[in-house]
Amino acid sequence: MRKSMKVRIMEAISAVVLNKDVLEEMLERAGQRGAELAVAQFKEQLEQDPQDRHVMRLREFLLDRSSVELPREVWASSHHIRRIELSPKGKPKSNTWMQHFKRESGLEGCTSRPSPSHGRLREWCFEDIANAWERFYAFKW
């Protein structure tokens with residue numbers, strides 16, 4: 001009597017075998033590409049307007065409150081606030097919108113300071129701006 005034999009078929013596993021020279025060349029190319037990307041990113045940051053960077057930082061804070069360590073020590077002016085969300089034409093919100101925003105959101109009653117770079121402008125801390133932003137847009141819905 002013959003026992004039936006079970007045959008197990010193993011799945012094929014793809015493998016790449018590299019010699020030392022090829023591996024070193026691949027690693028060198030990957031390192032060069034990584035360095036190129038990092039340099040391009042740093043160049044982009046250096047070429048970017050400091051005002052744009054500040055607005056981007058404020059936008060990021062509005063989305064993620066943990067993105068700024070001490071939000072009561074980082075300040076932004078109405079110029080920055082007006083650029084958080086651009087108009088349909090891609091321009092900053094108007095001064096009229098800013099006045100309405102300050103009144104409706106309660107930002108007008110928050111502590112402010114004169115802008116170090118533009119003496120006539122007022123600045124508010126990131127935390128107060130974020131709270132005002134949430135209040136303002138909560139009323140809109």
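The following questions and answers walk through a predicted model, from its largest pocket to its salt bridges and its nonpolar core.

Trainee: Which residues that line the largest pocket are the closest to its centre?
Mentor: The largest pocket has a volume of about 160 Å³, and 13 residues line this pocket. Among the elements of the chain, α2 (50-63), β1 (75-77) and α3 (78-82) each supply at least two residues of the lining. The residues closest to the centre of the pocket are Q51, H80, S115, S117 and E123.

Trainee: How many polar residues does the lining of the largest pocket have?
Mentor: When the lining is sorted by class, three residues are nonpolar and two are charged. The remaining class is the polar one, and the number of polar residues in the lining is eight.

Trainee: Is S77 buried or exposed?
Mentor: S77 lies in strand β1, and, leaving out residues up to four places away in sequence, S77 touches L121, R122 and E123. Buried means a relative accessible area under 20%. Because the relative accessibility of S77 is 3%, this residue counts as buried.

Trainee: How far apart are the closest N and O atoms of K20 and E24?
Mentor: Side chains of opposite charge can pair when their charged atoms come close. K20 and E24 are separated by about one helical turn because they stand four residues apart in helix α1 (residues 20-47). K20 is exposed, with a relative accessible area of 61%, whereas E24 is partly exposed at 43%. The two residues form a salt bridge in which the distance between the closest N and O atoms is 4.0 Å.

Trainee: How many residues apart along the chain are R83 and D52?
Mentor: The side chains of R83 and D52 meet in a salt bridge, with 2.1 Å from N to O. This pair links distant parts of the chain, with R83 in the loop between α3 and α4 (95-105) and D52 in helix α2, and the separation in sequence is 31 residues.

Trainee: Which class of accessibility, buried, partly exposed or exposed, fits R83 and D52?
Mentor: Buried means under 20% relative accessible area and exposed means over 50%, with partly exposed in between. R83 has a relative accessible area of 22%, and D52 has a relative accessible area of 29%. Because each of these values falls between the two limits, R83 and D52 are both partly exposed.

Trainee: Which residue forms a salt bridge with E134?
Mentor: E134 lies in helix α5 (residues 126-140), and its partner sits in the loop between α2 and β1, so the pair ties together parts that are 69 residues apart in sequence. E134 is partly exposed at 47% relative accessibility, and the partner is partly exposed as well, at 31%. The closest N and O atoms of the pair are 3.0 Å apart, and the partner is R65.

Trainee: How many salt bridges does the structure hold?
Mentor: Besides the pairs K20 with E24, R83 with D52 and E134 with R65, the residues R72, E127 and D128 are linked in a network of salt bridges. For the structure as a whole, the number of salt bridges is nine.

Trainee: Which helix gives the most to the largest nonpolar core?
Mentor: The largest nonpolar core has 21 residues, of which I81, W97, F101, L107 and I129 touch the most other members. The helices α2, α4 and α5 each supply at least two residues of this core. With seven residues, the helix that gives the most is α5.

Trainee: Is W97 buried or exposed?
Mentor: W97 lies in helix α4, and, leaving aside neighbours within four places in sequence, W97 is in contact with I81, R82, W133, F136 and Y137. Because its relative accessible area is 14%, which is under the limit of 20%, W97 is buried.

Trainee: Which residues is F101 in contact with, leaving aside its neighbours within four places in sequence?
Mentor: F101 belongs to the largest nonpolar core, and is among the members that touch the most others. With its neighbours in sequence left aside, F101 is in contact with I81, G106, L107, A132, W133 and F136.

Methods:
Residues are numbered from 1 along each chain as its sequence is written. This is a predicted model: local features need pLDDT of at least 70, side-chain atom pairs count only at pLDDT 80 or more; totals for chains, interfaces and linings use all residues. Side-chain values use heavy atoms; hydrogens and water are left out. On a 1 Å grid over the protein atoms alone, a cavity is a set of points where a 1.4 Å probe fits but cannot get out, and a pocket is an open set with protein on both sides within 12 Å along at least five of seven lines; lining residues have an atom within 4 Å of a point. Grid points are joined across faces, edges and corners, and a volume is the space filled by probe spheres set on the points. Ala, Val, Leu, Ile, Met, Phe, Trp, Tyr, Cys and Pro count as nonpolar, Asp, Glu, Lys and Arg as charged, and the others, Gly among them, as polar. Buried means under 20% relative accessible area, exposed over 50%, partly exposed in between (1.4 Å probe, protein chains only). A nonpolar core is a set of buried Ala, Val, Leu, Ile, Met, Phe, Trp, Tyr and Cys residues joined through side-chain atoms within 4.5 Å. Contact means heavy atoms within 4.5 Å.
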